[in-house]
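Q: Please take a close look at the sheet in this model. Walk along it, then set it in the context of the rest.

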There are 2 protein chains.
Amino acid sequence: MPTDIPTSLLGRSLIGFKEGSDTPDPKRAIDPSNGNEIEPPFFNASSEEVESAATLAKNAFQSYSGKSGAERAEFLEAIANEIEALGETLTQRAMQETGLPEGRIIGETGRTTGQLRLFAQVARDGSWSQPRIDTAIPDREPLPKPDVRSMLRPVGPVVVFAASNFPLAFSTAGGDTASALAAGCPVIVKAHSSHPGTAELVARAIQSAARATSMPEGVFSLLFGGGRSVGSALVTHPAVKAVGFTGSTAGGTALMKLAAERKEPIPVYAEMGSVNPVVLLPGAIADRGESIAAGLHVSATLGVGQFCTNPGVALVKKDDAGDAFVASFVEKMKATASQVMLNATIQSAYSDGVQRMDSSQGVRTLVSNTVNDGSSGCLGSAAVFETDASAFLADATLSEELFGPGTTIVRWSETSELLAVLESFEGQLTGTLHGTEDDFAQYGDALPILERKVGRIVYNAFPTGVEVCPSMVHGGPYPATSDGRSTSVGTHAITRFARLIAYQDSPQNLLPPELRDDNPTGVTRLENGKFAS
Amino acid sequence: MPTDIPTSLLGRSLIGFKEGSDTPDPKRAIDPSNGNEIEPPFFNASSEEVESAATLAKNAFQSYSGKSGAERAEFLEAIANEIEALGETLTQRAMQETGLPEGRIIGETGRTTGQLRLFAQVARDGSWSQPRIDTAIPDREPLPKPDVRSMLRPVGPVVVFAASNFPLAFSTAGGDTASALAAGCPVIVKAHSSHPGTAELVARAIQSAARATSMPEGVFSLLFGGGRSVGSALVTHPAVKAVGFTGSTAGGTALMKLAAERKEPIPVYAEMGSVNPVVLLPGAIADRGESIAAGLHVSATLGVGQFCTNPGVALVKKDDAGDAFVASFVEKMKATASQVMLNATIQSAYSDGVQRMDSSQGVRTLVSNTVNDGSSGCLGSAAVFETDASAFLADATLSEELFGPGTTIVRWSETSELLAVLESFEGQLTGTLHGTEDDFAQYGDALPILERKVGRIVYNAFPTGVEVCPSMVHGGPYPATSDGRSTSVGTHAITRFARLIAYQDSPQNLLPPELRDDNPTGVTRLENGKFAS
């Protein structure tokens with residue numbers, strides 16, 4: 001049963017089982033719907049508190065990494081229960097801090113607890129660690145074969161930066177935290193300044209779960225900090241062995257640089273920008289242009305366009321059906337009400353981007369809804385731009401991400417133009433193809449280009465909505481992410497916080513349980529080249 | 001059947017199926033046993049040739065990455081056959097260029113062809129790519145579940161830097177080349193200037209195999225180049241997507257920096273230095289000190305100490321049994337004949353290191369064999385140094401790698417000193433423990449420290465000799481390697497040249513065979529959370 005968590009917020013960092021101090025210049029969250037400050041103030045972690053959290057995590061690593069998969073699973077499930085017990089308190093605070101509607105917050109809470117329970121299963125099952133055993137052949141000629149066994153082991157303390165656009169699923173107890181804890185890594189979360197109250201509530205849920213399941217102090221800490229000093233101190237701390245981040249390209253690349261320049265460079269998993277090209281092939285547009293326009297409109301405006309997988313660029317052939325499609329999409333986007341964005345920084349970046357597109361050469365502004373109600377500076381309005389393949393290819397700024405409900409339609413005439421536009425994209429989280437069977441045959445060259453560019457290819461659907469399941473890949477080549485080998489969603493994500501260790505001729509009692517002859521946890525493993533369990 | 005490869009060397013780069021040009025200032029290999037130049041001269045690749053190799057690799061990627069696992073397996077097996085067909089020609093040339101004895105070259109050739117055949121099996125089997133299928137649930141509430149399938153796919157063209165110390169197994173057709181080709185990546189090898197003739201012979205074997213198995217031009221190229229310009233041009237070329245390197249810390253970190261500063265940063269797998277600490281616990285020394293001394297002597301002097309896994313530092317308790325052990329080890333090292341090292345650069349770095357140790361505070365030189373026969377500047381002589389834990393902890397230079405047959409013995413008195421010395425090590429390829437059951441119980445705190453520091457833990461044996469098998473891990477935290485998540489030996493190595501791609505709601509005919517419903521290749525995959533094949 002969940003323990004009682006006091007619902008009044010204290011505004012202090014959580015450093016292991018202790019609270020941070022009341023440091024100078026605390027900051028309150030802002031309600032983006034009206035620009036008002038929300039109580040209480042949140043105190044930035046001091047450099048001593050950063051040091052303390054890192055040292056506690058380092059010390060916790062030894063015992064936490066030795067916990068069994070089943071013990072880690074209980075901890076993750078306890079976190080999920082504690083978060084659910086927060087109920088309305090969490091929903092209301094998150095809504096107030098982000099401007100996101102109730103349904104979205106409740107859904108995202110469910111996704112977050114679902115992820116925690118999924119990673120609990122993964123930890124309990126243990127096969128994520130890829131145990132392998134090759135037994136000895138003492139009489140092999142010319143040399144004896146030793147006994148070698150290996151598996152993925154947790155990498156060490158992990159720093160997770162909470163994302164502005166997912167106050168729960170990519171924040172304090174989000175995907176990176178769940179997968180790092182499941183792997184056996186202590187986690188230090190740097191809260192996002194947009195939703196510190198949500199962070200504190202969730203962090204206290206984690207803290208309660210850690211106590212209730214007898215986890216070592218330091219297995220989790222939450223630090224508040226405006227500006228970049230707390231984050232930089234964490235990423236450069238010698239005790240920290242990996243970093244998870246979801247946010248801007250500027251933020252992500254700054255962390256990559258810090259991590260690469262350390263005495264011991266460490267991996268950074270930064271999910272950054274993506275325009276998620278959507279290729280709408282002519283047969284599909286001719287067959288069902290109206291329904292594609294409706295689907296694209298929903299996907300482009302979902303959550304005020306504030307998703308990493310938001311479809312930012314659509315490729316449409318210059319023909320009559322394409323014109324009709326554009327007209328229909330434009331009509332829907334024009335009729336879309338402006339909505340509150342997450343915070344003033346995001347709203348202002350989006351407005352700047354819309355203005356930049358509007359004044360770009362060769363770009364036609366088809367929709368640019370103006371907000372005149374004076375109620376808030378934080379409203380995001382749908383925008384649609386149209387350009388030709390040649391203009392798009394001539395100006396790299398046209399392929400930059402517009403984080404918000406803005407879509408650029410690129411019109412092409414020849415197949416070669418379509419392929420050239422696809423080839424021009426940098427790494428992306430997703431690439432989407434709408435087509436008929438004939439389209440896919442005729443434009444077959446598009447697929448291998450997309451495969452080189454993206455982490456996930458979507459057919460006849462839309463990129464928003466990332467299913468949390470074993471096969472999901474939410475990643476992609478740079479600059480979509482810092483490390484295109486990995487994913488931040490789905491069970492594969494656990495491997496990002498692990499590294500291989502081999503044990504040669506080890507006594508049985510010194511091996512991790514997953515590698516012992518008697519396989520006490522019943523894990524599926526590769527034994528002398530064959531899967532067995 | 002292997003095709004005929006002309007055995008006379010041309011000294012030109014191999015760019016796809018073509019030969020490079022005769023550029024100015026060609027360089028001959030040096031016979032380290034006598035310092036003489038060996039014919040013919042080798043011509044540095046021009047910048048146009050680098051460009052051409054990269055473009056061919058980029059173009060080859062599309063078709064090569066689409067070859068089936070079985071087709072890639074045939075290519076790898078053909079390479080192994082072609083290398084075997086080189087026979088004595090290859091053995092003699094490699095011996096002359098490296099000073100390594102015949103048995104070693106023949107053994108290393110066998111390891112190289114064995115690796116190629118092992119990766120052929122891995123490619124044919126296909127389970128390395130971790131195919132996962134989660135089927136759709138169209139009527140799921142509140143949202144339908146899409147069909148999602150994912151697997152590891154090749155990352156793109158790979159550049160491999162040949163290693164000085166393994167002219168075959170870590171060079172032109174070595175582990176990185178085999179695993180990259182098995183994954184579906186074209187490879188460009190930068191030859192090592194110490195053994196260009198060996199490189200050319202092996203590269204022509206690969207070229208023949210590529211023609212014989214109808215692989216696309218550009219699937220493989222070999223480039224010669226003195227200095228760093230060819231290597232730098234390759235690592236910074238936009239077509240290149242990953243780098244494998246085995247060599248010095250200076251070389252590896254320079255490549256890491258170049259790769260991190262690219263417009264699109266790419267992964268670098270650099271295997272660099274390691275002192276491979278060997279912990280000789282008191283019970284083991286008391287029980288079988290003499291046999292441990294004999295084993296350590298063999299391991300420390302094998303291949304004139306020119307192995308990445310050479311045991312550079314041994315930790316021995318200050319007690320009578322420890323003294324006897326050191327005396328026995330010293331006697332064996334003193335009696336070891338000097339041997340030809342790989343090249344003058346390595347010999348000179350080793351000599352400098354020996355001198356540095358000899359003049360270090362708190363270090364006693366127990367063995368420093370002098371070479372006076374004047375026959376060559378390239379002889380490496382065994383050296384043994386002894387120091388105390390406190391002196392070792394006070395001077396970080398004492399833990400630097402001495403690449404050659406030099407071993408430093410660190411004497412400790414208290415368990416706390418032993419643990420402090422272990423804690424002081426940076427990342428290592430290996431850590432070795434010799435102990436009795438009682439030792440392992442009494443010094444149990446040593447193991448978790450080693451687990452944080454190394455890629456492979458060896459019990460009651462020695463670190464040299466890296467078994468090529470599914471469970472092997474030849475890697476370790478920085479600075480042993482640039483990326484402690486990976487291994488350069490064993491079948492896990494194939495994943496370093498791959499990244500995850502997901503396909504959502506894909507038509508069956510557009511999926512890679514490994515992800516199709518009918519599983520035509522019979523690969524083991526995770527289907528809705530369960531392993532199946």
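**The sheet, from one edge inward**

A: Start in chain B of this predicted model. Strand 22 (residues 525-527) of chain B is joined to strand 23 of chain B by 3 bridges, and the two run antiparallel. Within this pair, B:Leu526 faces B:Phe531 of strand 23.

Now widen the view. The pair belongs to an open sheet of 12 strands with mixed pairing. Its order is 15(A)-17(A)-18(A)-13(A)-12(A)-19(A)-20(A)-21(B)-6(B)-5(B)-22(B)-23(B). Strand 20 of chain A thus sits beside strand 21 of chain B in that order. Two strands form the edges: strand 15 (363-368) of chain A and strand 23 (530-532) of chain B, each paired on one side only. From one strand to the next, the twist averages 20°.

At the chain A end, a helix joins in. Helix 10 (residues 344-358) of chain A packs on the sheet. It touches strand 15, strand 17 (383-388) and strand 18 (406-412) of chain A. The direction of helix 10 makes about 135° with that of strand 15.

The two chains are copies. Chain A lies on chain B with an RMSD of 0.0 Å after a turn of 180° and a shift of 0.0 Å along the axis. That is a two-fold relation. In chain A, A:Ala260 comes closest to the rotation axis, its C-alpha at 3.8 Å. Of the interface residues of chain A, 98% are also interface residues in chain B, so the copies meet through the same surface.

Finally, the interior. The largest nonpolar core holds 328 residues. Among those touching the most other members are A:Ile79 and B:Ile79. Beyond its sequence neighbours within four places, B:Ile79 contacts B:Leu116, B:Ala173, B:Ala205, B:Ile206 and B:Ala209.

Note on methods:
Residues numbered from 1 in each chain as written. Chains lettered and ligands numbered in written order. Predicted model: local features only at pLDDT ≥ 70, side-chain atom pairs only at ≥ 80, totals over all residues. Pairing = 2+ DSSP bridges. Helix = DSSP H or I, 4+ residues; strand = E, 2+ residues; numbered from the N terminus. Axes fitted to C-alpha atoms, helices over the stretch in contact; angles between N-to-C directions. Contact = placed C-beta atoms within 7 Å. Core = buried A, V, L, I, M, F, W, Y, C linked by C-beta atoms within 7 Å. Buried ≥ 20, exposed ≤ 12 C-beta atoms within 10 Å, placed from the backbone. Least-squares fit on C-alpha atoms with pLDDT ≥ 70 in both.
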